Amino acid sequence: MASRVTLLTTFAVGLTVTVLALGAYLTVRMQMQASLDASLLDRAQSAAQTPTLSELTAEMKVPSWAFGAADVRIAFVTASRSWSIDGGPSLDLGHQELAVVRGTTSHSIRTIEAGDTRYRVVAVPTRDRGVALVIAQSLDSQERVLGRLGIVMLLFGAAGVIAAGVAGWGVARNGLRPVRRLTEVVEEIARTEDLTPIEVEGNDEIARLSSGFNAMLAALEASRERQRQLVGDAGHELRTPLTSLRTNLDLLLQADQAGGMPAEARAELLDDVGAQIEEMTTLIGDLVELGRDEHAPHQVELVDLKEVLDRAISRVRRRASSIDFDVEAHDWWVTGESAALERAVMNLLDNAAKWSPADGTVTVRLVDGVLTVCDEGPGIAEVDLPYVFDRFYRSTESRAMPGSGLGLSIVRQTAIRHSGSVEASNLPDGGACLELRLPGRTLQRV
């Protein structure tokens, strides 16, 4: 990470320095060229209007220093020939200068080469018709200045890039120190499985990351604690039917070895074994239901809750034939899982049937998404009301009754998964009342 930040910083600074240096170099070059052109043009026009200039048109040789600059060369151009008045190499003059001689252009400016020297050449018309004055300025001094400027910019640019790389490395190393510390803590947690929250310092992005990681650790610790509790409670609940089942089987084996037991006693013992097996089957089924991953994909569809209630009541009536069910239900459509909703409704009905006396009545109402199931039992003790939907929670009165203590917990889990809620209360004249609220809507029938 630090090397990547350093590399990106160096690249960004290098690109910036390169663009600025190139822009500065081109700007200086253009300004020097424009200044030189303006100076040459002004000098040429002033010299061309000098009255005594015509005296120089003869082929006399005049040293260039006589005109005030050793790097300046002067020549004359006519339609038929051109000649230089100094002793330097001949200038390669062409149609641009002839155009000035003919009067088609007021002046010309261009760059030519003569020998090993590059010249900036200006041509202007003179007072003598058909004659143009040419002044050529050597570009050696300008190119030397630009060369030195390029070297200076290159050196300073390289120094800037190196300094940026060092600064980027330092910033990345110091800035990423909290990230390295957090990484070390995470690796320590992964190695030791110690979910102790890490220390949060400051209020920057790293602090927010640390706080989020602490929240994840808290959720993981809570999940691990729930899993530990689930395994412990499941082991405790399974121990009783397993012990009873083992005891009954031992009695059967001992009786067979002793010559058998009376038929009535044997039948009673086998019934007890069957009841224990059924209790274990129910408990294991409830454990599997609670152990499902709540974030796993489910088959979601539009479910008629009234139809689900009708199916659940039909199944519960076969198991509790002595209980009368007073049912009043209105249409209510829920988006969710039909099987999970039916299981939750059945658990509510089974709970009410278990607590109702023989020949009692269970009142069931479904109105505007609120399913209310009320029994005629003794009700729920006030100390037990907050815990009736907890896993494996069983009140003192229910410990001697069949059940795993998971049915109402499944109801709550199903309600939460469908964005609903559950609530338990007592009726004024006795009996418990459980409410399942599910969001949904009614459908207009065509």
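Okay, quick definition before anything else: when I say buried I mean under 20% relative accessible area, exposed is over 50%, and partly exposed sits in between. Keep in mind too that this is a predicted model.

So, with those cut-offs, take Arg-365. At 26% relative accessibility, it counts as partly exposed. Its salt-bridge partner is Glu-328, and the closest N and O atoms of the two are 3.5 Å apart. Glu-328 sits in strand β7, residues 324–329, and Arg-365 in strand β9, residues 361–367, so this pair ties together parts that are 37 residues apart in sequence. Glu-328 is partly exposed as well, at 39%.

Now let's go to the N-terminal side and helix α1. Gln-33 is in that helix, which runs over residues 2–48. Is Gln-33 buried or exposed? Its relative accessible area is 17%, so Gln-33 is buried. And what does Gln-33 touch, if you leave aside neighbours within four places in sequence? Arg-120 and Gln-142.

Hang on to Arg-120, please. Arg-120 also makes a salt bridge with Asp-37, side chain to side chain, at 2.7 Å from N to O. Asp-37 belongs to helix α1 and Arg-120 to strand β4, so here the pair ties together parts that are 83 residues apart in sequence. Both ends are tucked away: Asp-37 is buried at 13% relative accessibility, and Arg-120 is buried at 14%.

If you're picturing β4, it spans 117–125, and it turns up again around helix α2. That helix covers residues 95–102, and Glu-97, Ala-99, Val-100 and Val-101 are buried in it. What covers those buried residues? The cover includes β1 (72–77), β3 (108–114), β4 (117–125) and β5 (132–138). Right after α2 comes Gly-103, with a positive phi of about 85°.

Back to salt bridges, then. How many are there by the count? The total comes to 11 salt bridges. Another one of them, further along the chain, is between the side chains of Arg-437 and Glu-435, at 3.2 Å from N to O. Arg-437 has a relative accessible area of 38%, so that residue goes down as partly exposed. There's a network, too: Glu-307, Arg-311, Arg-315 and Glu-342 are joined into one by salt bridges that share partners.

If you pull up the structure afterwards, I'd start at Arg-120, with Asp-37 as its salt-bridge partner and Gln-33 in contact with it. That's me done, thanks.

Conventions: Residues numbered from 1 in each chain as written. Predicted model: local features only at pLDDT ≥ 70, side-chain atom pairs only at ≥ 80, totals over all residues. Heavy atoms only, no water. Helix = DSSP H or I, 4+ residues; strand = E, 2+ residues; numbered from the N terminus. Buried < 20%, exposed > 50% of the residue type's maximum accessible area, 1.4 Å probe, protein only. Contact = heavy atoms within 4.5 Å. Salt bridge = Lys/Arg side-chain N within 4 Å of Asp/Glu carboxyl O.
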